[in-house]
Amino acid sequence: MSDRNRIIELIAGEDSFNLISHMLPDGDSIGSLLAMGRTLEKLGKNIQLFAPGRIPLKYRFLNRADLISPDDAAFDSSRPVFVLDSSDADRLGSFKEKVLASPKLINIDHHVTNQRYGTLNYVDPEASATGEIVFDILQALRIDLDFELAEALYVAISTDTGSFKYDNTTPHTHTVVARLLQTGVSPGVLSQKIFDERPLSFYILLKEALSSLEMYFNRTLAIMTISKDIRIRSGASTDDLDGIVNYTRNIEGVELGILFYVEQENEVKVGFRSKRLDVSVLAGKLNGGGHVRAAGCRMHGSFEAVKEKVLAESFLMLADLPTGGAN
Ligand SMILES: [Mn+2]
């Protein structure tokens, strides 16, 4: 018997479950947690929902998102536990030991790196989101797909596929989503809430950032500069800086986008974004790090000195880039 079928069998034989997903909760972890919880409730089970971290504001409209507890003291290790969207137990933060002490651990995930740390593991790296796997489970259980379930699963799948733009989007993804839309879920309303809407403070900060825009290296390098004073005056949070730096890269023809954030007199945070360049290498040369298309570093010295050094390294990288244009 497959673990998938064993999970169906296990659900039938138990009355109470804990459910948890990973730290730094995102759309898939929250959506699949809520949908799996509601599925079990529809079968008459007692459930408790947990997440090691704060639920971001933009997901709190989801029904019962306010019932997800961040409190590890409330976690009762005598119940079987569903772990959703978490490639390994370390991602459970302070809940890790209590989750691992549970009598049965049902690991449901789509990360190719999943450590198979469950008693039962339903891991499908072909699935675009854990929400796609939860959909399969609720179908196997013959659960009636209602609006609340569909909304949670739509949030899960649309966030992990970047609004169906990433290459993990498959024909099956769209088949599942077609079923979700049949319940009356609105893609327009949901995408406005989870992708488009931002606080006014963000736009006030963006206005300042855009007015600082400078272009270099035949308009393949875009730079914006913000000071801590400006950020505080706008009311924006440091999280909002992540949204700003993407604007540098998204300009047509730009290969490398940089945001300088002057945190104090002699300290500057530098964010890099690219289309083809490996900016983790660039950040590494400046004692920072990160991912291939998104990286950063923190530098000491006057803003002018930092900028000069970063531009010099950036020009070297851009000079090595094969021509052919961005996008
Ligand atoms: Mn996921």
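Two strands are taken to pair if DSSP finds at least two bridges between them. With that in mind, the tour may begin; the model on display is predicted.

**First stop: the five-stranded sheet**

Select residues 16-21, which form strand 1, together with strand 2; the two run parallel and are joined by five bridges. Within this pair, Phe17 has Ile47 of strand 2 opposite to it. Now widen the selection to the whole sheet. Five strands make up this open sheet, in the order 2-1-3-4-5, with parallel pairing. At its edges stand strand 2 (46-50) and strand 5 (120-123), each of which pairs on one side only. From one strand to the next, the twist averages 15°.

Next, add the helices that pack on this sheet. Helix 1 (residues 3-13) touches strand 1, strand 3 (81-84), strand 4 (105-109) and strand 5, and the direction of helix 1 makes about 125° with that of strand 5. Helix 2 (residues 27-42) also packs on the sheet, in contact with strand 1, strand 2 and strand 3. The direction of helix 2 makes about 170° with that of strand 1.

**Second stop: a pair of helices**

Select residues 130-140 for helix 4, and then helix 5. The axes of these helices come within 8 Å and cross at roughly 150°. To see the contact itself, show the side chains of Gly131, Glu132, Val134, Phe135 and Leu138 in helix 4, which meet Leu149, Leu153, Ala156 and Ile157 in helix 5. By class, this contact between helix 4 and helix 5 has seven nonpolar residues, one polar and one charged.

**Third stop: the enclosed cavity**

The structure holds one cavity of 30 Å³ or more. Its volume is about 90 Å³. To find the place, select Leu34, Arg38, Asn63, Arg64 and Glu148, which are the closest to the centre of the cavity among its 13 lining residues. Helix 2, strand 2 and helix 5 are the elements that give two or more residues to this lining. Helix 2, already visited at the sheet, provides the largest share, five residues. The lining of the largest cavity divides into seven nonpolar, two polar and four charged residues.

**Fourth stop: the two domains**

Colour residues 3-196 as domain 1 and residues 200-320 as domain 2, following the domain assignment of the protein chain. Taken over C-alpha atoms, the centres of domain 1 and domain 2 are separated by 35 Å.

**Fifth stop: the six-stranded sheet**

Another open sheet has six strands in the order 6-7-8-9-11-10, and its pairing is mixed. Strand 6 (214-216) and strand 10 (289-290) stand at the edges with a single partner strand each, so one side of each is left without a neighbour in the sheet. Select residues 221-227 to display strand 7, which pairs with strand 8 in the parallel sense over seven bridges. Ser227 has Val262 in strand 8 as its bridge partner. Then add helix 10, which lies across strand 7, strand 8 and strand 9 and runs at about 145° to strand 8.

**Sixth stop: the largest pocket**

Which residues lie closest to the centre of the largest pocket? Select Lys58, Tyr59, Ile194, Arg198 and Asp242 to see them, out of the 42 residues that line this pocket. The space in the largest pocket amounts to about 2,300 Å³. Domain 1 and domain 2 each contribute at least three residues to the lining. Among the elements that each supply at least two residues are helix 7 (187-196), helix 8 (200-211) and helix 10 (240-249). Helix 10 gives the largest share of the lining, six residues. By class, the lining of the largest pocket has 14 nonpolar, 11 polar and 17 charged residues.

**Last stop: the second largest pocket**

About 270 Å³ of space lies in the second largest pocket. Select Leu241, Asp242, Lys269, Gly271 and Arg273, the closest to its centre of the 14 residues that line the second largest pocket. Helix 10, strand 8 (256-264), strand 9 (267-274) and strand 11 (294-300) each supply at least two residues of this lining. Strand 9 gives the most, with four residues. The lining of the second largest pocket has seven nonpolar, three polar and four charged residues.

Conventions: Residues numbered from 1 in each chain as written. Predicted model: local features only at pLDDT ≥ 70, side-chain atom pairs only at ≥ 80, totals over all residues. Heavy atoms only, no water. Axes fitted to C-alpha atoms, helices over the stretch in contact; angles between N-to-C directions. Contact = heavy atoms within 4.5 Å. 1 Å grid on protein atoms, 1.4 Å probe; cavity = no way out; pocket = protein on both sides within 12 Å on 5 of 7 lines; lining within 4 Å. Points joined across faces, edges and corners; volume = space filled by probe spheres on them. Nonpolar A, V, L, I, M, F, W, Y, C, P; charged D, E, K, R; others polar. Domains from an automatic or database assignment.
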